[in-house]
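Work through the exercises below with the sequence and model at hand. Try each task before reading its solution.

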Amino acid sequence: MQSQMSMRFSHQDRSTREDAWVQAGALDLPAVPESTIARGGTIIVLAAHPDDEALGAAALLARADEWSCQLKVLLFSAGEKSHPESPTYTGDQLKSIRLEEFDRALSTFDKAHSSRFLDLPDGQLPEYSSQIRDVIRQEIARSHGPVTLVAPYSRDGHCDHEAVGAAALDIGRSHYAVVLEYPIWFWHWAAPTDPRWQAWAILPDPQGLDRNALLACYPSQTEALSDQHGDEAILTSAHLEHFIRSHDTFVITDFRSGEASAGYGQEGIGRPINDASTASAVFDDVHRERSDPWTVWESEYEIAKRETLVSHLPSTSFSHILEIGCSVGALTRELAAYSVRVTAVDASCEALKTAKRLHTTTATEIAFLHATVPYEWPEGHFDCVVLSETGFYLTRAQLQRTLERIDESTPSRFVLVLCHWKGDIEDWPLTADEVHDACLDYWPRMRTDFRSEAEYRLDIVTVDKTDDFLPAEAVE
């Protein structure tokens with residue numbers, strides 16, 4: 001499976017203006033639902049470097065008593081490479097300075113806590129992903145009650161943050177835990193037009209939390225080490241403005257659904273619902289009962305739908321098609337006639353068994369892979385992506401992450417095919433229209449190649465990520 005890509009940026013780049021975030025509504029996000037953090041359990045805050053916890057989770061650290069939770073903080077590196085060209089301090093000296101700052105910052109919180117330093121090398125945490133996962137697992141095993149994992153945002157643009165965030169999501173999923181991701185560098189390099197932050201939630205500061213005093217515990221990052229080149233402040237005043245908003249901002253992923261017969265999707269906390277975290281188990285059961293539960297091979301409706309879909313593809317010679325949610329492989333077989341390669345993924349191992357059993361040899365290379373999107377993603381670069389009868393099984397946040405994954409694994413122009421039944425779907429988060437509208441809003445430039453709405457909605461579009469303008473050619 002493909003690892004998440006790191007976006008390159010410099011702390012010396014001009015930070016996105018805080019007033020731009022404010023004007024876009026970053027202060028008006030909904031509050032973290034009360035049921036998100038289980039009372040009487042354990043909160044484990046993960047930090048890639050000293051100061052991550054203060055920047056991203058200050059309100060949560062200050063409010064931990066409200067949930068009567070045991071509080072643990074795991075620090076994975078000392079951040080000794082924050083000033084690699086410093087003429088004033090060596091890496092070892094910076095390591096000591098930053099660890100002292102970390103202890104000083106944590107001491108400002110009243111809540112009793114334990115902290116552990118893992119001493120992994122700064123800037124190389126992706127190479128230690130397996131070890132990071134082991135550490136989190138061990139800490140969960142030593143914890144009591146339900147666990148809430150709090151970690152840097154897995155799409156934060158910094159390789160260390162992303163490694164820790166991805167590990168938290170992976171372990172959270174396998175341990176049915178809630179994962180709260182806190183963005184740090186995202187506010188620096190992203191633009192308010194980036195749609196991701198609009199699905200996030202905020203945790204207000206408790207009375208008495210002095211964020212300026214907390215950040216002052218980290219002078220090695222907020223101030224210049226000297227007036228010499230290489231000693232400049234890492235966190236500029238413009239970047240620090242993002243962290244005095246009087247709240248934390250979190251991406252919430254709730255994996256607790258595995259604990260009960262009904263799950264709780266991110267947007268539906270408190271409302272029984274399935275989502276990607278339960279898809280594998282749910283659809284394995286469905287396919288054990290019937291090998292072709294929707295009779296896709298025999299149904300005239302399904303056959304006609306597939307014929308309509310493939311006959312309106314804007315090309316007959318793709319290089320690599322990705323089909324998300326292939327089920328038993330009926331559409332996969334049709335798509336094979338239009339591409340050199342087809343990668344077909346599904347969350348259900350049982351469905352894939354049928355797909356592989358019914359697969360016939362073709363000139364096209366077809367790979368059936370088990371993957372629960374968006375948490376797992378196949379390797380490859382795809383000039384056509386098909387999301388058919390699958391999007392409504394995702395929460396809005398999971399769909400958003402799926403679109404990010406698609407964006408990362410496609411060229412500047414690619415074909416996106418969306419096809420979903422418009423009937424009522426019970427116990428799943430989204431409707432067909434919600435899925436299609438969210439997908440079509442994600443990319444600002446696209447050409448509509450075909451659109452049809454009847455019992456099902458079909459949108460076939462060519463997405464254009466370049467600055468060239470593609471005129472719309474809607475076809476009904």
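**Exercise 1. Find how β1 is joined to β2, then place both strands in their sheet.**

Step 1. Strand β2 covers residues 70-77 and runs parallel to β1, with 6 bridges joining the two. Strands here are DSSP E runs of at least two residues, helices are H or I runs of at least four, and both are numbered from the N terminus. Two strands pair if DSSP finds at least two bridges between them.

Step 2. Pick a facing pair: Val-45 stands opposite Val-73 in β2.

Step 3. Read off the strand order. The open sheet has 7 strands, in the order β3-β2-β1-β4-β5-β7-β6, and its pairing is mixed. Its edge strands, β3 (114-120) and β6 (201-204), each pair on one side only. On average, neighbouring strands are turned by 25 degrees against each other, direction ignored.

Step 4. Add the helix. α5 (residues 129-141) lies across β1, β2, β3 and β4 (147-152), and runs at about 165 degrees to β2. Axes are lines fitted to C-alpha atoms, for helices over the stretch in contact; angles run from 0 to 180 degrees between N-to-C directions. Contact means heavy atoms within 4.5 Å.

The model is predicted: local features need pLDDT of at least 70, side-chain atom pairs count only at pLDDT 80 or more, and totals for chains, interfaces and linings use all residues. Residues are numbered from 1 along each chain as its sequence is written, and side-chain values use heavy atoms, with hydrogens and water left out.

**Exercise 2. Locate Leu-27 and list its contacts.**

Step 1. Leu-27 sits in the loop between α1 (18-24) and β1 (42-47).

Step 2. Its relative accessibility is 35%, so Leu-27 counts as partly exposed. The classes are buried, under 20% relative accessible area; exposed, over 50%; and partly exposed, in between (1.4 Å probe, protein chains only).

Step 3. Set aside neighbours within four places in sequence. Leu-27 then contacts Val-22, Ile-202, Arg-245 and His-247.

**Exercise 3. Which elements do the buried residues of α11 pack against?**

Step 1. α11 (residues 276-289) has 14 residues.

Step 2. Its buried residues include Phe-283, Asp-284 and His-287.

Step 3. They pack against α14 (349-358), β10 (365-370) and α15 (396-408).

**Exercise 4. Why does Cys-419 have no bond to Cys-439?**

Step 1. Apply the cut-off: a disulfide is a pair of cysteine sulfur atoms within 2.5 Å.

Step 2. The closest cysteine sulfur to that of Cys-419 is in Cys-439, 12 Å away, so it is too far for a bond.

Step 3. Cys-419 is buried, because its relative accessibility is 0%.

Step 4. Widen the search to the whole structure: it finds 0 disulfides.

Technical notes:
The expected span of a helix is 1.5 Å times one less than its number of residues.
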